[in-house]
Amino acid sequence: MSAWTDRIVELLPNTSKVRELMEKRGKYFYVEKEPRLNPELGMIVTLYDEDGYRFTTSVKNIRVPQLTD
């Protein structure tokens, strides 16, 4: 088990496809598979939501929220 598994991340509206997804599904998702290198796409991560919707995106499209004091 990885430190990334089930971590909550926020999608960033970097592309039109991501903006469209955010409108339909929201901006917070859970990490299913940790970031990994894809020879064609670069660093990618697989995410999911409470409804079981899963997708893979570039790590450039996510942000890990930090707790504030």
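Trainee: In which sense do β2 and strand β3 pair, and over how many bridges?

Mentor: Strand pairing is read from the bridges that link two neighbouring strands. In this predicted model, β2 and strand β3 (residues 42-48) run antiparallel to each other, with 6 bridges between them. One position to look for is valine 31, which stands opposite leucine 47 in β3. The two strands are joined by a hairpin of 3 residues.

Trainee: Which residues stand opposite each other where strand β1 meets β2?

Mentor: Strand β1 (residues 8-11) and strand β2 (residues 28-38) are also an antiparallel pair, here over 3 bridges. Valine 9 faces phenylalanine 29 in β2, and glutamate 10 faces tyrosine 28 in β2.

Trainee: What is the order of the strands in the sheet?

Mentor: Once the pairs are known, the order of the strands can be followed across the sheet. The sheet is open and has 5 strands, in the order β4-β3-β2-β1-β5, with antiparallel pairing. Its edge strands are β4 and β5 (62-63), each of which pairs on one side only.

Trainee: Is glutamate 10, in strand β1, buried or exposed?

Mentor: Burial is judged by relative accessible area, and a residue under 20% is called buried. Glutamate 10 counts as buried because its relative accessibility is 10%.

Trainee: Which side chains make polar contacts with the side chain of glutamate 10?

Mentor: A polar contact is read from the distance between N or O atoms, with a limit of 3.5 Å. The side chain of glutamate 10 has such a contact with that of arginine 63, at 2.6 Å. Another, at 3.5 Å, joins the side chains of glutamate 10 and lysine 27. With neighbours within four places in sequence left aside, glutamate 10 is in contact with Lys27, Tyr28, Asn61, Ile62, Arg63 and Pro65.

Trainee: Where is threonine 57 found, and what surrounds this residue?

Mentor: Threonine 57 belongs to strand β4 (residues 54-58). Its relative accessibility is 9%, so threonine 57 counts as buried. Beyond its neighbours within four places in sequence, threonine 57 is in contact with Met43, Ile44, Val45, Leu47 and Ile62. In addition, a polar contact of 2.9 Å links the side chains of threonine 57 and asparagine 61.

Trainee: Where is threonine 15 found, and how far apart are the C-alpha atoms of threonine 15 and asparagine 61?

Mentor: Separation along the chain and separation in space are two distinct readings. Threonine 15 is found in the loop between β1 and α1. Threonine 15 and asparagine 61 are 46 residues apart along the chain, and 8.3 Å separates their C-alpha atoms. As for accessibility, threonine 15 counts as partly exposed because its value is 34%.

Trainee: What is the volume of the largest pocket, and which residues are the closest to its centre?

Mentor: A pocket is described by its volume and by the residues that line it. The volume of the largest pocket is about 280 Å³. Its lining has 13 residues, and the closest to the centre are Lys17, Val18, Leu21, Phe55 and Thr57.

Trainee: Which elements supply the lining of the largest pocket, and how do its residues divide by character?

Mentor: At least two lining residues come from each of α1 (16-25) and β4. The most are given by α1, with 6 residues. By character, the lining of the largest pocket divides into 4 nonpolar, 5 polar and 4 charged residues.

Definitions and conventions
Residues are numbered from 1 along each chain as its sequence is written. This is a predicted model: local features need pLDDT of at least 70, side-chain atom pairs count only at pLDDT 80 or more; totals for chains, interfaces and linings use all residues. Side-chain values use heavy atoms; hydrogens and water are left out. Helices (H or I, at least four residues) and strands (E, at least two) are DSSP runs, numbered from the N terminus. Buried means under 20% relative accessible area, exposed over 50%, partly exposed in between (1.4 Å probe, protein chains only). A polar contact is a pair of N or O atoms within 3.5 Å; within protein, one must be able to donate a hydrogen and the other to accept it, and residues adjacent in sequence count only if both atoms are side-chain atoms. Contact means heavy atoms within 4.5 Å. On a 1 Å grid over the protein atoms alone, a cavity is a set of points where a 1.4 Å probe fits but cannot get out, and a pocket is an open set with protein on both sides within 12 Å along at least five of seven lines; lining residues have an atom within 4 Å of a point. Grid points are joined across faces, edges and corners, and a volume is the space filled by probe spheres set on the points. Ala, Val, Leu, Ile, Met, Phe, Trp, Tyr, Cys and Pro count as nonpolar, Asp, Glu, Lys and Arg as charged, and the others, Gly among them, as polar.
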